[in-house]
Structures are given as structure tokens and as C-alpha cells.
Amino acid sequence: MKRLFRRKRLLIVLAALGAVSTTTVVSAGPAALEAVAVKFQLTSGGKTLTLDKDPVVIDGSTYVPLRTIGEALGKQVEWNEWTQTIGLKDIPKVTGKFEWKNAPVLDKGIQEGGFSGLIHLPKDAPDIFYTLADRGPNGEVGKDKLRTFPIENYAPRLYKFKISNGAIEILETIKLSLPDGKLDKVTNSKYITGLPNLVGPDEVPYDEKGVTKLPYDPDGLDLEGIAYSPSDDTFWISDEYRPSILQVKRDGTILGRYVPKGSKEKLVQAGAQIPIFDTLPEVYNKRISNRGFEGITISPDGKFLYTSIQSPMANPDKKTGEASRNLRILKMDIATKQIVGEYVYVAEQAGMFVKVNQKDIVISDLSALSSDVLLVDERDKNVGADAQLKRIYKSDFSKATNILGKEISNNLEGLSIQQLKDQGIQPVSKELIVDIAKLGYPYEKIEGLTVVDKNTIAIVNDNDFGISYDDKGVLTLTGAPTQLQLIQVSDDLSTK
């Protein structure tokens, strides 16, 4: 055991001296010897380093946290729980920041914003993007946290925009609309709203002050992700309400809504006008409120669509879901529009962080590199200096277990990591691409993610339309901006 541990020490020293390649994987064996914490000051280039853990002395030798040493040398450090390995890479760099300045006012002083997804089309110039806004300005008021919609007739929309000189310039605004001849139940026009769909499964919608109940809209959408299908020049978007995924024409006309089995009839009875297809697994009806489909992406060859649930589901109950680390990602065959795969994505363990709850670790977006390799945006709910988990991982689905239609899919949320291993379930792999919290990211939400070129990704925050409620339940303007960041990474992200 002593010999094994000394070998581990040697590898850590080599990493500290920089005698490793750009990406190094170090086996992490168990420590069985007594460790004594010590208060040593560590400096690099004349600067004192901040340690996340105190150094320890073991068997007469001093050990310093590898993360501290790695970051002092410009390395990003990743601990992979599943494979029990440590990885070191060059730290990515933010190469550009762009804000939507002077966004138009919707009403009541509230400006447009709320970006919740992002995509760059391969044939577009590198400064052109598409995004979408979610269900519109909303918040929670009072001790009961009633869900308010200050602009009840807000129409969810897509945007085409350009970045230049630190600014976001909107080129086109595309409001989502029903097929020709159909009228929305709430607006009595072709445009839908962002109001919840159904009494019971959804939050109760209220006016700005949380006093008057608003109508439900069976065609209402809470948009969260956007993808592009090159085969027919349409967009696909993800929705949190049912949850559902939708196919949309370039002009914003909704062609179809794909929902879990068992929910189509309820929507039709409520007066839905969107064509509905109940082809998704029934278990997705158990999504936790406001935690439906978040990320969505289509492989570069246009053959497969992937969509991710934001957090583990209330399966069999909310308590189980909030304690679980097992998230689900679905795979659709675009040609047949049938679900052909379901995979397990294991979220990071909340106990490894400070003041982070497991229920608040979520997936926010996806971006496909190939037919079976995706970038995954995983984050916590903390802000600024308190933020610890804002990471982009590369996940390979080629060797992951397809649990679609299998018994394990019925009780996935209740399984521990060891139980997954015992049952031979291989989750999708996770390789850290960029730890955005380490780059000083100031916002809670990384809501949009896309690949710009082989070494550049773009991310966008959701500023929640720059509104909040104060302690007295009064709507206030926060001034939070909508911002896109470009990040250069050392990994080759070439899509194929």
C-alpha cells in the first residue's frame, strides 16, 4: 500500500512541475496512511495561492492539493468519479463578451431578454446566431411563491442576431404561431402565449401582483432550447411544460408538438390547436414542475435529435427526484420522428461542493459534435463568487447503455451510482471541456451553448428579463444584462 501511494505522489509532483502533456490522466488510488493537516503558505511567482484544502503530511512527506498546483500552472483539473481518474488541461480563455444594449421595452418598463438557448448554423458567418426567449417575464411572489406573469399575452419568440464591438444586434424577431386558420385560446390570434397548459400538472398563473388568476393556455410554451435540422430547414425547440419538443418552420409556424404518452388527450380536451404526437415515453409525465426538457441538439448529419430533462424526475415522488443524480437524455430518429434511445447522465455529487443542493444541479443545454458525441452544460444555481459548478462536459453516447423500454427506466431516479454499476448500466461519459465558474462567470444561468469553430464555444445567460420581486412583493428591475461569451478551448471540437 505504501509503495502504491508513493507512486501516486510521484505522479502528482510531475504534474506540478509541468512534466506532463497538455492532457494527462493520473490514476487515483486509495490513501490508507494517516494524514495530518498542516498550515503551510504556498506561493507561486511571488503570489500566495489560495488552497481549497489544507496541505497534509503523510509518512513524512507533504502533499498539496493537486487542483491548487494545477491551476497555479494554468491547468484545469478534473476528477472523474466514474472512471476514478484525474485529468489536467490548459485553462480555456474568454475571448469576447457581447451584451444586448438598449433592448426594446415590452411593457411596464420590462425589456426583452430571457435568452434560453443558442445555436450557430455551420453555413452562417461566425458572428451570426439564433436564440429563443422562454415563457416571458415571470416571477414568484409572496410566501406561497405564486407564479406571476406581468405580461400575460407575451408571445414566445426566436431571434436571429449578430455580435460585433461588444454588442448583440437583433437581425430578426420571429414570434411562434399556430398553423394557418388556428387561433390561440387566450390571444384569439395565431400567436401563442407563455402561460401554463393544464390545471393540476402545471403551476397556477397569476397577474403581476399575485392576486388575479390568469387563464391557462393549452398551446402555451416555456421555451428552453433550440436546434436546427438541415434536412428540411426547420428548427426544433424544447419546452418545459409537458415536457415536449416541437418542430417549427423558419417563420415561426409550429408544425408539431411531441409529448409523453398520456398527455395528448388532456391537451386536446383543453382546446389545444397545435398538432400533437404522443410518442415520448410515458414516464416523462412525472417531470418536476418547471423542470421539463431543457437542452436540445441535432447531430451535424441531421439524423438524430437529443433532448435532456433539466433535473431528475419525481419518480416515484418529488423527494426521490430531488435527491437523485440520474438525469435522462432522449434520442430521436429525425427521419421517423420516433424515439430510439434513452441514456443516463450522472450529475455531479452536491456533497463535493459548498452550499449546493443536489436538486439544484441541472442540465441547461446540449450541442452535438457528431451523431453520438455531445457537449453538455451542467450547472448549479449559485451566483458570482458562490458559483462552483458551471461546466461544459463532452459526453460520448456510443458506449452508454440504451435503457429505452427497459425495466430500469421505470425506477431510474431511485438508483445509486453503485446500483447502476451492479446492474451493468453504463452512463454517458463525461470529459471536462471548460470550468466556466473558474473564469469568473457572474451569472446563475448558462442557458445557451453552441460550437462556433473547432476551438471556440459560445454561451449565453438568461437574465430573466431583468426583473425580480423585492421583500414586499413589488416588481423591480434588476438591470441584469443579456450577455454572450466566446470561450476558446484547447480541445478539438470539430463537428462531423
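A polar contact here is a pair of N or O atoms within 3.5 Å, where one must be able to donate a hydrogen and the other to accept it. I start with that because the first residue I want to show depends on it. The model is a predicted one.

The residue is S324. A polar atom of its side chain lies 3.0 Å from the backbone nitrogen of N326. S324 is in the loop between α4 and β26, and β26 covers 326-333. Is S324 buried or exposed? Its relative accessibility is 4%, so S324 counts as buried. Setting aside residues up to four places away in sequence, S324 touches P312, Q358 and E413.

A second loop residue is N463. Its loop runs between β33, residues 456-460, and β34, residues 467-469. N463 is at 10% relative accessibility and therefore counts as buried; the cut-off for that is under 20%. What does its side chain make a polar contact with? The partner is the side chain of T482, at 3.5 Å. T482 is also on the contact list of N463, along with G113, G114, A480 and P481, again not counting residues up to four places away in sequence.

The third loop residue is V383, between β29 (373-379) and β30 (390-396). V383 counts as partly exposed, because its relative accessibility is 43%. Beyond its neighbours within four places in sequence, V383 is in contact with P442 and E444. The pair V383 and E444 is separated by 61 residues in sequence, while the C-alpha to C-alpha separation is 4.7 Å.

Now to the strands, beginning with β21, residues 244-248. How many of its residues are buried? The count is 5 of 5, and the strand is mostly covered. In a regular strand the side chains alternate between the two faces of the sheet. In β21, S244, L246 and V248 point one way, I245 and Q247 point the other way, and all are buried.

β21 has a partner in β20, residues 234-239, and the two pair in the antiparallel sense over 5 bridges. One specific bridge is F235 with V248 of β21. β20 and β21 form a hairpin, with 4 residues between them.

β21 also pairs with β22, residues 254-260. These two strands run antiparallel and are joined by 4 bridges. Q247 stands opposite G256 in β22. β21 and β22 form a hairpin as well, with 5 residues between the strands, and in this hairpin G252 takes a positive phi near 95°.

There is also an open sheet of 3 strands, in the order β14-β15-β18, with mixed pairing. Its edge strands are β14 and β18, the latter at 205-206, and each pairs on one side only. β14 and β15 run antiparallel and are joined by 3 bridges, with β15 covering residues 146-148. On that pairing, G139 stands opposite T148 in β15.

That leaves the empty space. Rolling a probe the size of a water molecule over the atoms shows where empty space is left. How many cavities of 30 Å³ or more does a search of the whole structure find? It finds 2.

The largest cavity holds about 50 Å³ of space. Which residues line it? The lining consists of R135, D202, E203, D222, E240, Y241, R287, S289 and N290. By class that is 6 charged, 2 polar and 1 nonpolar.

Next, the pockets. The second largest pocket has a volume of about 1,300 Å³. It is lined by 41 residues, and the closest to its centre are E140, R147, N290, K381 and K445. The elements that give two or more residues to this lining are β14 (139-141), α4 (318-323) and β34. Which of the elements gives the most? That is β34, with 3 residues. By class, the pocket lining has 22 charged, 10 polar and 9 nonpolar residues.

A few links between the parts. N290 is in the lining of the largest cavity, and N290 is also among the residues closest to the centre of the second largest pocket. β14, an edge strand of the open sheet, is one of the elements that line that pocket. The loop with N463 leads to β34, and the loop with S324 lies between α4 and β26; both β34 and α4 give residues to the pocket lining.

Terms used. Residues numbered from 1 in each chain as written. Predicted model: local features only at pLDDT ≥ 70, side-chain atom pairs only at ≥ 80, totals over all residues. Heavy atoms only, no water. Buried < 20%, exposed > 50% of the residue type's maximum accessible area, 1.4 Å probe, protein only. Pairing = 2+ DSSP bridges. Contact = heavy atoms within 4.5 Å. 1 Å grid on protein atoms, 1.4 Å probe; cavity = no way out; pocket = protein on both sides within 12 Å on 5 of 7 lines; lining within 4 Å. Points joined across faces, edges and corners; volume = space filled by probe spheres on them. Nonpolar A, V, L, I, M, F, W, Y, C, P; charged D, E, K, R; others polar.
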